[in-house]
Amino acid sequence: MGGGVPRKEDPNLVTGRANWTDNIKLPGMLHFALLRSPFAHAKVTNLDVSGALEQPGVVAAFTGEDLADEWPGGVVCAATVTDDQKTPFHPPIVTDEVKYMGDVVAVVVATDRYKAQDALEFVEVDYEPLDVVVDMETALEEGAPLVHEDLGTNECFSMPMEVGDVDDAFNRADVVVKEHYIQQRLIPNAIEPRATVALQDPGHDGYVVYTATQVPHLAKIVLSLSTGIPENQIRVVAPDVGGGFGSKLNVYREEILALVLTKKLGVPIKWVEDRSENYQATIHGRGQIQDIELAATNEGRILGMKVKLLDDMGAYLQLLTPVIAPSGAAMYPGVYTFDAFSIEIKGVFTNLTPTDAYRGAGRPEAAYACERIIDALARELDMDPAEVRRKNFYEPFDEPTDTPGGLQYDSMNMQAAMDRVMELADYEGLRREQQQRRENNDPVQLGIGFSAYTEICGLGPSQALAGLGIGGGGWEAANVRMLITGKVEVATGTSPHGQGHETTWSQITADALGVTPDDVVVLHGDTAVVPFGRDTYGSRSLAVGGIAVHLACEKVVDKAKKLAAHMLEAAEDDIEFEGGTFSVAGSPDQNVTIQDVGAAAYMAADVPEGMEPGLNEQMIFDPPNFTFPFGAHICVMEVDTETGKAYVRDYFAVDDCGPVINPTIVDGQLHGGLAQGIAQALYEGAIYDEDGNLMTGSMVDYMIPGAPELPNFTLDRTVTPSPSNPLGVKGVGEAGTIGAPPAVINAIIDALSPYGVKHMDMPALPMRVWNAIQDAQGNGAASGEYDAAFGSREADVRQEGRSEDQ
């Protein structure tokens, strides 16, 4: 552990030997395509699939009424965050009314996917358009169109939380700053779109579902709840999976349909998503309106924080939709210690694609609001943003410590991370360069933006997850077995889709058992091979799943030690284990290798009385606390004041995820996370028109940055072990996505502060930046329509007059 072991997964992935779901071809397999609504809200007044049945290659076509009895549970939502949460039934195919653009009205099954898609044109369907609501604030107004008429409201839930005396904190404050932020919707773009293949299990009374998912074990449960098929008759396999970022932490209507259709037709069924479907029908991320207030002293000490959130559910609740914002609620205070905090979250239905977990899932939103308002406080007090942060950091600690959000952070040393990132960036030198550009009236101004963050990882203690409204089940399972030949198999309940678990788990096992990583094979992603597991999301894999592997290895060593003592005719207390060898204390020549012991245990011809044969140990680990990685980032932006173009010149990040198992994998996770965080800040955003039409329905219209848009990243680490697990590890998969957006936006505002710019919404595209400059200079740019496309209220605030503290 800690060495740069090359990723074991990569040779197959980069030489075309991976097994993606779309590679699976089975005899007699049929394909289905879905007719999706072009309207965001409409009644289906007429539907006739008979025309599709006449087309070449078409085998079957079904409406929602034809299949309604096959899915008594519908598309399942597993989260209930309040007792009065409203959870509408979510049918895989609608029967009377579509709720968003991309909702499904019919399915066609054919001999290949192209024939199925062509036949969709011959399905006759008539729609009666209904009023549409696409804006959360409008949705909550009296008389607003209702997404679900039977609910009588567009409010899904309301969840308040308060810690400490918030009113007193604000009454005592010398200064109060108020900010209004938009978390625009984001569209996940995993390199592999979703895909699924379902078939009747040969030789068994049941079904196999191959699917591009992060959660095969959860999918098995949910598919049973959706269809009524007993869980023990369903096997789910996640083959090689090309990324997920939370978008594959779900069980979608297409997986339910594949299972239902193979049950009904008796042949293998396949569906593969195209990218346009991906944009409409796979979940979206983010989608929040944030109002935040900070109370502080004139010296910059924070006294209290208030947050009000509107959280866009979309038209339906997917697997975890309502819990995303609440899961990040306690993280709004960030890395700062103070006494009073309150938050109120309202979940709101709109006629848009459902939202759910997207890389960070509630934590990027929290860090963004916190870090933006810290900079606003620094501007109000005319203090350096680094100084304000330092005044409010926790003193370094290595034992659980209470937070304003009601959690206990495990360990933290923000001072070390901040010192290092400022040293890496040469902060004083950057400020001198910035001042020189300002004095020279350079049209390209320099901005320096900070982000100091922590995140909640290692999901997580089962009792804590139950408190969040998702029932519990935060444990993870591992089985480690030494084979007769001396090789090792590790069966893990985590389900990697790019994280490198085969490599990392091999490193953990190699150190624990004294073998080499090449001696270890890691099995995963198949509920028949690994029957117990809770899968991969929330940066939980290492801090929960990796620890389960480590503890299972310890159990193997403990049993092997008993057998080694028997083989060496010594007392167990006299046996020492190091580097894969058991020896007698004081007599190192009396030894046996763990491979020798494994073979003896397997043959079982001479083992201690009562010992079971084999070295095969199971571990289910339920952590005592979450883990809390943290870090400090500095983004250096160049902003062209004549064109509005903002470019990331340099990016410095110092992250602390505890002890590192594989540095290359950690750097890769940070590179990808930073790319996605910068993308939200500068480029990405789903745009709908007032009728609920998705205007960014392809990569032509939805900007995904590539290498030319991104800088080289300068990375470093501090190491603060977590007391929550024996390896001290924390998690790193979402760190970059959490830290980057506020650092980028703070840097742009810093660059434009001489022009009077104090606010910038995401994404900071050139037109928005240019408009902000013109408005601040009193030139009255007509930017309202542009901002409204992204859901921003910036234009309205300008018309009403922005107060000084805003």
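**Exercise 1.** Which residues does Leu682 touch, not counting residues up to four places away in sequence?

*Solution.* The model is predicted, so local features need pLDDT of at least 70 and side-chain atom pairs count only at pLDDT 80 or more, while totals for chains, interfaces and linings use all residues. Residues are numbered from 1 along each chain as its sequence is written, and side-chain values use heavy atoms, with hydrogens and water left out. With contact taken as heavy atoms within 4.5 Å, Leu682 touches Met637, Ala646, Val648, Val744, Ile748, Pro763, Ala764 and Leu765.

**Exercise 2.** Place the largest nonpolar core relative to domain 1 and domain 2.

*Solution.* A nonpolar core is a set of buried (under 20% relative accessible area, 1.4 Å probe, protein chains only) Ala, Val, Leu, Ile, Met, Phe, Trp, Tyr and Cys residues joined through side-chain atoms within 4.5 Å. The largest one has 174 residues, and Leu682 and Ile748 are among those with the most contacts inside it. Domain 1 (10–130 + 194–272) and domain 2 (285–393 + 400–458 + 625–804), with bounds from an automatic or database domain assignment, both give residues to this core, so it lies between them.

**Exercise 3.** Describe how domain 1 meets domain 3.

*Solution.* Begin with the domain centres, which are separated by 39 Å, taken over C-alpha atoms. Next, the contact takes 18 residues from domain 1 and 16 residues from domain 3. Finally, the rule for a salt bridge (a side-chain nitrogen of Lys or Arg within 4 Å of a carboxyl oxygen of Asp or Glu) finds 1 across this interface.

Conventions: Buried means under 20% relative accessible area, exposed over 50%, partly exposed in between (1.4 Å probe, protein chains only).
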